[in-house]
Amino acid sequence: MRAIISDIHANKEALEGVLRTISGQGVDEIWCLGDIVGYGPDPNDCVDLIRKNCSVCLMGNHDWAVVHSPVGFNSAASRMIYRTKEWMLVGEQATDTERERWQYLVNLPLRHTHDGYLMVHASPRSELTEYILPTDVHYDRGKLLEILAITERFCFVGHTHIPCLITEDVELITPGKSGARFELGEKKMIVNIGSVGQPRDMDHRACYVTLQDEVLTYHRVPYRFGRTSEKLLALGEGYEMLAHRLSVGR
Ligand code: ZN
C-alpha cells in the first residue's frame, strides 16, 4: 500500500498527525507531491520529516519560490516565502544538516511516473503552476480534455488543495466523507489528493490518500490547527489571514 500526500505548507502539526495515522495503516511507501514549505511556520521541520519518511517528493511552486523567487504570488504568500528564505537559506556558518536540507529542496524533481501513474504537483502541462480546478468541469472542459489526452492512465496532482476526481468523461467526483473509496478502473482519471497543511474544501482536517490495488481511499485527520495558528500570529502583523484560514479550511 502507498500513501500519497501533498501541500504540507510548513504545517508541522498537520504533517505529524498524518504521518502518525499512516504509520498504523500498513503503508510501504509514502509519495509527496510537493509544496513542503510556504504559508506555514515550520519549513525546516517539515522538510526533515518529508526527507525521513517519503521515498519520492516532487517540487511544488512554493518550494520553487523559496529556492528562486515568488512569481505571481499574493502578498501574504510572498511575505511568507521571504520569511522562509530567511529561515532556510544557508550562509557560510551553516551546518551540514542545514546544507543538506537546502540541497534537498533545490533538487526536488518535477514529476514521477510509476506503472501508468503520473505524479506532478500542479498539472502535466505545467508541473508547477497550472490549476486544475473542480469548476473547470463546467467552465473549461477543453483544458481538461487536453490534459486527459496527454495522461497515460492516472494523473495525481495537488496544488489547488481541493480533493476531487475528474473522470475521462470530464465528470467531477467529490470524495466527501473521510474513508471514501474509489476503484480507479479502466478509464483515465485526474486525482487531486487534497492538502495536508492547508485544506481549502471547508474541512479543516488534513487530507491525503492511500492507494492499494487501484483502490483509492481518502483520509481526513484532525490536528491541533490552533497551535499552528498561534505560531503564525506570533510572527507579527500580516499573518492573520494565514492563521485564520486553517480553522475554516479554505
Ligand atoms: Zn500548495
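**Figure 1. Charges of the chain in the predicted model.** The chain carries 27 positive and 34 negative charges. The mean positions of these two sets lie 4 Å apart. The accessible surface of the chain amounts to about 11000 Å², and carbon and sulfur atoms account for 48% of that surface.

**Figure 2. Overall fold and dimensions of the chain.** The secondary structure consists of 9 helices and 12 strands. The chain has a radius of gyration of 17 Å, close to the 18 Å given by the globule rule for 250 residues, and it is therefore as compact as a globular protein of that length. Along the principal axes, the C-alpha atoms occupy a box of roughly 55 × 40 × 35 Å. Of the 250 residues in the chain, 55% are buried. When contacts between residues at least 6 apart in sequence are considered, 72% of them join residues at least 24 apart.

**Figure 3. The loop between β1 and α1, with D7 and H9.** Strand β1 covers residues 2-5 and helix α1 covers residues 12-23; D7 lies in the loop between them. H9 is located in the loop between β1 and α1 as well. The phi angle of D7 is positive, at about 45 degrees, although D7 is not a glycine. H9, which is not a glycine either, has a positive phi of about 55 degrees. D7 is buried, with a relative accessible area of 0%. H9 also counts as buried, at 1% relative accessibility.

**Figure 4. D136 in helix α6 and the residues that it touches.** Helix α6 spans residues 136-139, and D136 is found in this helix. Is D136 buried or exposed? With a relative accessible area of 6%, D136 is buried. Leaving aside residues up to four places away in sequence, D136 touches Y131, R141, K143 and L144.

**Figure 5. Cysteines C155 and C164 and the absence of disulfides.** A search of the whole structure finds 0 disulfides. Why does C155 form no bond with the closest cysteine sulfur? That sulfur belongs to C164 and is 11 Å from the sulfur of C155, which is too far for a bond. A disulfide would require the two sulfur atoms to be within 2.5 Å. For C164, the closest cysteine sulfur is in C207, at 10 Å, and this distance is likewise too far for a bond. C155 counts as buried, at 0% relative accessibility. C164 is buried too, with a relative accessible area of 3%.

Conventions: Residues are numbered from 1 along each chain as its sequence is written. This is a predicted model: local features need pLDDT of at least 70, side-chain atom pairs count only at pLDDT 80 or more; totals for chains, interfaces and linings use all residues. Side-chain values use heavy atoms; hydrogens and water are left out. Helices (H or I, at least four residues) and strands (E, at least two) are DSSP runs, numbered from the N terminus. The radius of gyration is taken over C-alpha atoms; the globule rule is 2.2 Å times the number of residues to the power 0.38. Buried means under 20% relative accessible area, exposed over 50%, partly exposed in between (1.4 Å probe, protein chains only). Contact means heavy atoms within 4.5 Å. Accessible areas come from the Shrake-Rupley method with a 1.4 Å probe; for residues, only the protein chains shown count as cover. Lys and Arg count as positive and Asp and Glu as negative; His and the chain ends are not counted. The place of a charge is taken as NZ of Lys, CZ of Arg, CG of Asp or CD of Glu.
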